[in-house]
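I opened my notebook to jot down what I looked up in this one, item by item. Here is the structure I was working from.

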Amino acid sequence: MDKYAVLREYFGYTDFRPGQEALIDGILSGRDVLGVMPTGGGKSLCYQVPALVLDGVTLVVSPLISLMKDQVTALQKAGVSAAYINSSLSPEELRLAYQRMGQGQYKIVYIAPERLEGDGFISLARRLNIALLAVDEAHCISQWGQDFRPSYLRIPDFVERLSRRPPVAAFTATATSRVREDICQRLTLEEPVQVVTGFDRPNLYFDVLRPKSKLKTLCGLVEERRGKSGIVYCSTRSAVDKVYAALRERGIPATRYHAGLTQEERKKNQEDFIYDRRPVCVATNAFGMGIDKSNVSFVIHYNMPMSLDAYYQEVGRAGRDGEPADCILLYSPGDIQTAKYLIRNGRDNDALSEEELEQAIRQDMVRLEDMTGYCKTGGCLRGYILRYFGQDAPENCGNCGVCCGESETTDATRQAQMVLSCVWRIKDKLGYNVGALLLGRVLLGSQDKRVLELGLNELSTYGLMKSYGKSQIRDIIDQLEGQDYLYADPNHGGISLTSRAGAVLYHGEKVYLRFQTASPAPEKAAPGTKSTAAPVESALLDRLKALRLELARQEDIPAYIVFSNATLTDMAARSPRTMDEFLSVSGVGQIKALRYGKQFLAAINDYLAEKE
Ligand code: ADP
Ligand code: ZN
């Protein structure tokens with residue numbers, strides 16, 4: 001079968017997405033490849049299609065054993081013989097898997113990296129016809145990346161010990177060139193075909209909010225999205241527990257996930273989420289790598305993550321099926337301190353020398369500054385992310401909190417001058433710069449002990465902004481920093497003027513800042529939540545979803561493995577009446593048509609008959 005036939009018959013798609021074909025062609029011609037695509041961009045297909053075109057078995061190295069099962073189930077439902085090998089198998093299951101592998105029964109086998117080493121596996125692998133070795137989440141091999149896993153370093157040894165070297169295909173969503181180079185070098189890729197696709201995910205709506213009470217705002221946001229599936233990321237376990245309790249108290253079917261829970265509980269909670277028994281998951285970043293639940297329709301960050309790489313990977317879990325999805329970050333200045341603490345103390349540093357550790361921490365601090373810049377920018381949020389990943393972007397994307405006019409850009413030259421001159425006066429008096437907190441207090445005219453002790457109440461700028469709220473002042477300081485009028489020293493937080501500030505103070509350069517036009521009202525849905533389904537089909541879509549759930553329960557598989565939301569939406573729009581028409585629905589392959597076609601066609605038929 002050629003690649004187009006495979007795409008159509010097994011996966012039910014007619015076209016490749018950008019980048020997929022070049023990578024597939026590379027593999028099919030025997031080359032190594034490196035594919036860099038955003039999460040949800042369609043990396044799996046890049047190795048699954050060649051696996052089905054080529055003779056022999058494809059091995060897929062994947063870091064998270066808990067998710068292999070899902071990937072394998074999804075393949076099996078599409079009619080592909082697949083299996084996984086990891087520590088969750090009993091000795092008997094493992095023996096059986098090896099035996100079937102030896103007989104050439106599988107086309108695709110997922111394997112945990114630490115399993116590659118076992119002598120049993122190597123001697124088996126040496127006898128097999130290995131068509132391709134695919135390395136998923138390949139950035140795990142780089143210590144500069146987010147999720148360094150020492151076990152990934154064993155992959156090249158394994159390849160070397162094979163009797164014939166298969167093409168090696170590496171995939172990641174991490175775009176920094178440093179990590180990319182590291183992957184090529186450490187995996188010893190031989191002149192790989194490299195494809196870096198565009199990073200834009202147009203169906204994702206971005207926003208940054210700075211609420212007074214995060215917890216209240218968060219609960220409001222989740223409540224607005226009742227019935228939808230979503231992830232709430234927090235930076236610490238205790239925050240997960242707090243948010244989880246608050247959501248449960250409000251009757252929201254939520255579950256939670258962090259490293260402090262027992263393994264059984266983590267497994268159970270993850271399944272509750274994947275099977276939509278509890279469609280909202282509150283989690284630390286330990287949750288989600290490799291999660292390909294396609295109907296996640298929002299990802300809310302309760303805390304700012306440590307880098308845009310991490311942020312984009314985490315929000316990438318939303319809207320994988322192409323449906324509109326919301327990515328909302330709740331920012332407060334305190335998040336920066338938490339992130340710095342985690343950078344200094346959170347690293348599993350066994351594999352790094354002291355010098356390497358120092359360097360890694362420095363790198364992380366630079367990444368953190370870029371992340372903070374995102375929260376403070378007055379410009380298009382999508383544009384900020386894309387430029388970070390080295391891609392051009394228009395000024396206005398039309399689908400983020402800034403571009404959709406949730407906020408308004410206004411001439412704030414006067415306010416800026418007040419803040420900047422206060423910074424200047426403080427430095428003049430004390431001989432050093434103070435942090436944003438103290439600066440804000442001086443502008444507010446606060447009776448705070450430190451303000452009085454340092455005599456800052458004697459400055460002419462003391463109380464200059466007393467008609468403003470505390471958080472408003474902080475917002476203005478942050479934005480001035482975001483636009484390079486102020487510089488916050490990353491070590492001690494002291495705020496100083498930049499050369500740009502001089503132009504404002506002495507030459508009257510105008511400053512434009514962005515302010516929220518209305519505070520994010522919980523009852524107002526973000527623009528990204530608009531449903532794309534035409535109203536005529538929505539009743540049919542509901543029925544198709546109900547049928548999907550029923551079938552999924554019968555088979556004890558997650559609903560999205562039966563069909564994705566995007567497939568059901570397309571099905572409702574086309575309302576197929578025959579099996580041929582049914583096969584033309586995007587995401588319906590041969591095997592799934594055989595398995596589910598009759599029931600879905602009957603449901604559509606009933607619906608149309610009732611309407612007539
Ligand atoms: P990644 O591994 O890059 O995060 P996936 O491989 O999980 O992304 O793909 C994300 C979604 O996109 C899946 O639901 C998949 O079925 C769908 N998809 C992949 N390739 C195509 C394609 N060529 N046409 C339509 N949908 C696709
Ligand atoms: Zn925008």
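**Glycine 102.** I started with how open this residue is in the predicted model. Glycine 102 has a relative accessible area of 41%, so I put it down as partly exposed. Its place is in helix H5, which covers residues 91–102. I then checked its separation from arginine 595: the two are 493 residues apart in sequence, and their C-alpha atoms are 29 Å apart in space.

**Isoleucine 591.** Next I went to helix H25, residues 590–611, where isoleucine 591 lies. Is isoleucine 591 buried or partly exposed? With a relative accessibility of 31%, isoleucine 591 counts as partly exposed, because that value falls between the 20% and 50% limits. I also looked up its distance to tyrosine 10. Along the chain, isoleucine 591 and tyrosine 10 are 581 residues apart, yet 7.0 Å separates their C-alpha atoms.

**Methionine 465.** I found methionine 465 in the loop between helix H18 (449–453) and H19. Its relative accessible area is 0%, so methionine 465 is buried. What separates the C-alpha atoms of methionine 465 and leucine 443? I read off 5.2 Å for that pair, with their positions 22 residues apart along the chain.

**Positive phi angles.** I turned to the backbone here. As a rule, most residues other than glycine have a negative phi. Which residues go the other way here? I noted glutamate 137, with a positive phi of about 50° although it is not a glycine. Glutamate 137 is found in the loop between strand S5 (130–135) and helix H7 (155–161). Its relative accessible area is 11%, under the 20% limit, so I wrote it down as buried. Aspartate 484 went on the page too: not a glycine either, aspartate 484 has a positive phi of about 70°. I located aspartate 484 in the loop between helix H19 (470–482) and strand S15 (486–488).

**Helix pairs.** For these I wanted two values per pair, since two packed helices are described by the angle between their axes and the distance between the axes.

- H2 and H3: helix H2 (residues 20–28) packs with helix H3 (residues 43–53) at an angle of about 40°, and the axes are 9 Å apart. I therefore call H2 and H3 oblique to each other. H2 passes H3 in a right-handed crossing.
- H9 and H10: the axes of helix H9 (residues 214–224) and helix H10 (residues 237–249) come within 10 Å and cross at roughly 50°. That angle makes H9 oblique to H10. I noted a right-handed crossing where H9 passes H10.
- H14 and H15: how do helix H14 (residues 354–376) and helix H15 (residues 381–388) cross? Their axes come within 10 Å, at an angle of roughly 160°. This makes H14 roughly antiparallel to H15, because the angle is over 145 degrees. The crossing of H14 and H15 is right-handed.

**Cavities.** I finished with enclosed space. How many cavities of 30 Å³ or more are there? I got a count of 4. The largest cavity holds about 70 Å³ of space. I looked up what surrounds the largest cavity and found a lining of 10 residues. Ala173, Asp309, Tyr312, Gln313 and Phe389 are the ones that lie nearest its centre. By type, I split the lining of the largest cavity into 6 nonpolar, 3 polar and 1 charged.

How values were computed
Residues numbered from 1 in each chain as written. Chains lettered and ligands numbered in written order. Predicted model: local features only at pLDDT ≥ 70, side-chain atom pairs only at ≥ 80, totals over all residues. Heavy atoms only, no water. Helix = DSSP H or I, 4+ residues; strand = E, 2+ residues; numbered from the N terminus. Buried < 20%, exposed > 50% of the residue type's maximum accessible area, 1.4 Å probe, protein only. 1 Å grid on protein atoms, 1.4 Å probe; cavity = no way out; pocket = protein on both sides within 12 Å on 5 of 7 lines; lining within 4 Å. Points joined across faces, edges and corners; volume = space filled by probe spheres on them. Nonpolar A, V, L, I, M, F, W, Y, C, P; charged D, E, K, R; others polar. Axes fitted to C-alpha atoms, helices over the stretch in contact; angles between N-to-C directions. Parallel < 35°, antiparallel > 145°, perpendicular 65-115°, else oblique. Left-handed = near helix turned anticlockwise from the far one by under 90°.
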